[in-house]
Amino acid sequence: MLASVYKIIEQFFTEKSTNLFPAKRKPASVSEFLARKPLIAPVPTPPDYRGRLAFDYQACIGCAMCEKVCPARAIEMYPVIEKEKRTKRIVIYLARCTFCSECVKVCPRDAITMSGDFMMADYDRNSPSLVVGLEERRKNEVAPEEKPDTPQE
Ligand code: SF4
Ligand code: SF4
């Protein structure tokens, strides 16, 4: 009994071992608080942590290797014109991603990387914050190439 009382008193004076997250004190409005960027991660992530994917539009050559290896079908390709040539670029749907890192490993141009950012909670699985490369897609996507009509027999 005495040992328990001692332990309780001790707890008042020892440093907290848990992190208050996502803010040190509860904000008045959690939605408004979460809309503010950047949020600070409560703990540092270890090296090689598989967090939010990043895509380098300029480095990509549109080879589609990442799309082929993705087990979650989280990568979608869309047509663009770069240097006067028709090619493709990608978007990555983080809500589908399993963070397996296969696309990072296979990319011949290191155009996909993984960051330490693990704060990806959102109400909408297709929200811009969960679709990597969406901004570039909006700027650069062109209409798909028209396929020639199949000859009728
Ligand atoms: S990390 Fe894995 S699941 Fe996620 S996009 Fe890359 S290949 Fe697909
Ligand atoms: S593997 Fe790399 S270069 Fe090829 S389409 Fe994917 S991101 Fe682009």
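Among contacts in the protein between residues at least 6 apart in sequence, 72% join residues at least 24 apart. The model from which this value was computed is predicted. The protein has 153 residues, of which 12% count as buried. Five helices and five strands are present, and along the sequence these elements follow the pattern α-α-β-α-β-β-α-β-β-α.

The helix α1 covers residues 2–13. At 1.5 Å a residue, its 12 residues should span 16 Å, and the end C-alpha atoms lie 17 Å apart, which agrees with the expected span. Helix α1 is hardly covered, as the count of buried residues among its 12 residues is zero.

Three strands make up an open sheet in the order β2-β3-β5, and their pairing is antiparallel. The edges are formed by β2 (75–82) and β5 (131–132), each of which pairs on one side only. Strands of a sheet pair through backbone hydrogen bonds, in either a parallel or an antiparallel arrangement. Between β2 and β3, the antiparallel pairing extends over eight bridges. These two strands form a hairpin with two residues between them. In the turn of this hairpin, K83 has a positive phi of about 50 degrees.

Two cross-strand positions illustrate the register of the hairpin. Y78 stands opposite R89 in β3, and E76 stands opposite V91 in β3. E76 belongs to strand β2. Once residues up to four places away in sequence are set aside, E76 touches I90 and V91. The C-alpha atoms of E76 and A64 are separated by 9.2 Å, with the two residues 12 apart along the chain. E76 has 17 C-beta neighbours inside 10 Å and therefore counts as partly exposed, because a buried residue needs 20 or more and an exposed one has 12 or fewer.

The largest nonpolar core contains 15 residues, and those touching the most other members are F55, C66, I75, I92 and I112. Strands β1 (53–55) and β3 (85–93) each supply at least two residues of this core. In soluble globular proteins, nonpolar side chains tend to be buried together. With neighbours within four places in sequence left aside, C66 is in contact with I75, I90, C103, V106, C107 and I112. Two of these contacts of C66, I75 and I112, are themselves among the core residues that touch the most other members.

C66 also appears in the surroundings of a ligand. Around ligand 2 there are 14 residues, and C60, C63, C66, C107 and A111 come nearest. By class, this shell has 12 nonpolar residues, one polar residue and one charged residue. C107, one of the residues that come nearest to ligand 2, is in contact with C66.

Ligand 1 is likewise surrounded by 14 residues, of which C70, A72, C97, C100 and C103 come nearest. The shell around ligand 1 comprises 11 nonpolar, two polar and one charged residues. C103, listed among the residues that come nearest to ligand 1, is in contact with C66, and C66 is in turn one of the residues that come nearest to ligand 2.

Notes: Residues are numbered from 1 along each chain as its sequence is written. Chains are lettered from A and ligands numbered from 1 in the order in which they are written. This is a predicted model: local features need pLDDT of at least 70, side-chain atom pairs count only at pLDDT 80 or more; totals for chains, interfaces and linings use all residues. A nonpolar core is a set of buried Ala, Val, Leu, Ile, Met, Phe, Trp, Tyr and Cys residues joined through C-beta atoms within 7 Å. Helices (H or I, at least four residues) and strands (E, at least two) are DSSP runs, numbered from the N terminus. Two residues are in contact if their C-beta atoms, placed from the backbone, lie within 7 Å. A residue is near a molecule or strand if its C-beta atom, placed from the backbone, lies within 6 Å of it. Ala, Val, Leu, Ile, Met, Phe, Trp, Tyr, Cys and Pro count as nonpolar, Asp, Glu, Lys and Arg as charged, and the others, Gly among them, as polar. Two strands pair if DSSP finds at least two bridges between them. The expected span of a helix is 1.5 Å times one less than its number of residues.
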